[in-house]
Amino acid sequence: MQDFAAIDFETANYERTSVCSVGIVVVRNGEIVDKFYSLIKPEPEYYNYVCTKVHGLTERDTRNSPIFPDVWAKIEPKIKGLPLVAHNKAFDESCLKSVFKMYRMDYPDYEFHCTCIASRKLWPKEKHNLDVVAAKCGYDLTKHHHALADAEACAVIAMQIL
């Protein structure tokens with residue numbers, strides 16, 4: 001896969017609509033050409049302990065952040081015509097679809113690929129956590145659960161195994 005956009009969301013709570021940050025890494029001709037990160041005001045706007053413990057974000061971090069449609073307006077031109085790639089596509093794709101539905105935005109039916117599924121096929125007896133697969137592909141994911149770092153790790157993995 002030479003042209004795609006890797007995407008990663010973090011959520012404020014267990015609601016898929018509660019995206020509180022997004023990272024996008026655009027790959028063209030097998031090279032990373034663009035990166036984008038934004039905090040997002042989540043909906044519903046509350047953080048649970050478990051999610052905050054995972055990514056470190058709190059209501060204070062996103063209190064004055066833009067809402068999802070405003071963030072997506074910046075992302076959409078960057079990824080137009082590209083397939084999306086996520087590590088655990090079931091989570092990120094469901095977040096994207098849920099937040100589009102909540103804001104009554106027309107979902108463009110993005111083509112999604114999953115580096116986690118691909119890694120399971122390639123290395124069936126290994127662990128498939130993002131940081132483990134990233135390390136296997138030569139990427140040191142020191143900021144795991146930061147949306148941009150996770151998207152970049154996913155992009156590196158995708159360039160090698162998709």
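Two strands count as paired when DSSP finds at least two bridges between them, and strands themselves are DSSP runs of at least two residues, numbered from the N terminus. With that in mind, the reader can turn to the model above, which is a predicted one, and begin with strand β1.

Strand β1 covers residues 4-11 and is joined by two bridges to strand β4, residues 84-86, with the two strands running parallel. Within this pairing, A6 stands opposite V85 in β4. Strand β1 also pairs with strand β2, residues 19-28, through eight bridges, and here the strands run antiparallel; A5, for its part, stands opposite V26 in β2. How many of the residues of β1 are buried? Eight of its eight residues are, which makes the strand mostly covered. This holds on both faces, since F4, A6, D8 and E10 on one side are buried, as are A5, I7, F9 and T11 on the other.

Around β1 lies the rest of the chain, whose secondary structure comes to seven helices and five strands. Read from the N terminus on, the elements follow the order β-β-β-α-α-α-β-α-β-α-α-α. The radius of gyration of the chain is 15 Å, close to the 15 Å that the globule rule gives for 162 residues, and the chain is therefore as compact as a globular protein of that length. Along the principal axes, the C-alpha atoms fill a box of roughly 40 × 35 × 25 Å, and 48% of the 162 residues of the chain count as buried.

Strand β1 appears again when one turns to the open space in the model. The largest pocket holds about 420 Å³ of space, and it is lined by 23 residues, of which D8, F9, E10, F91 and H145 are the closest to its centre. Which element gives the most to this lining? Strand β1 does, with five residues, while β1, α1 (49-55), α4 and α7 (147-161) each supply at least two residues of the lining. In chemical character, the lining of the largest pocket divides into nine nonpolar, eight polar and six charged residues.

Helix α4, one of the elements that supply the pocket lining, also leads to the aromatic residues. The structure holds six aromatic pairs. One of them is formed by W72 and F100, whose rings meet edge-to-face at 5.7 Å centre to centre, with 80 degrees between the planes. This pair links distant parts of the chain, for W72 lies in helix α3 (residues 68-79) and F100 in helix α4 (residues 89-102), 28 residues apart. Residues count as buried when their relative accessible area is under 20%; W72 counts as buried because its relative accessibility is 3%, and F100 is likewise buried, with a relative accessible area of 2%.

Another aromatic pair, that of Y107 and Y110, is edge-to-face as well, at 5.6 Å centre to centre and with 85 degrees between the planes. Are its two members buried or partly exposed? Y107 has a relative accessible area of 23% and is therefore partly exposed, whereas Y110, at 11% relative accessibility, counts as buried. Taken together, ring pairs link F68, W72, F100, Y107 and Y110 into a cluster.

Notes
Residues numbered from 1 in each chain as written. Predicted model: local features only at pLDDT ≥ 70, side-chain atom pairs only at ≥ 80, totals over all residues. Heavy atoms only, no water. Phe/Tyr/Trp six-rings, centres within 6.5 Å; stacked < 30°, edge-to-face > 60°. Helix = DSSP H or I, 4+ residues; strand = E, 2+ residues; numbered from the N terminus. Buried < 20%, exposed > 50% of the residue type's maximum accessible area, 1.4 Å probe, protein only. 1 Å grid on protein atoms, 1.4 Å probe; cavity = no way out; pocket = protein on both sides within 12 Å on 5 of 7 lines; lining within 4 Å. Points joined across faces, edges and corners; volume = space filled by probe spheres on them. Nonpolar A, V, L, I, M, F, W, Y, C, P; charged D, E, K, R; others polar. Rg over C-alpha atoms; globule rule 2.2 N^0.38 Å.
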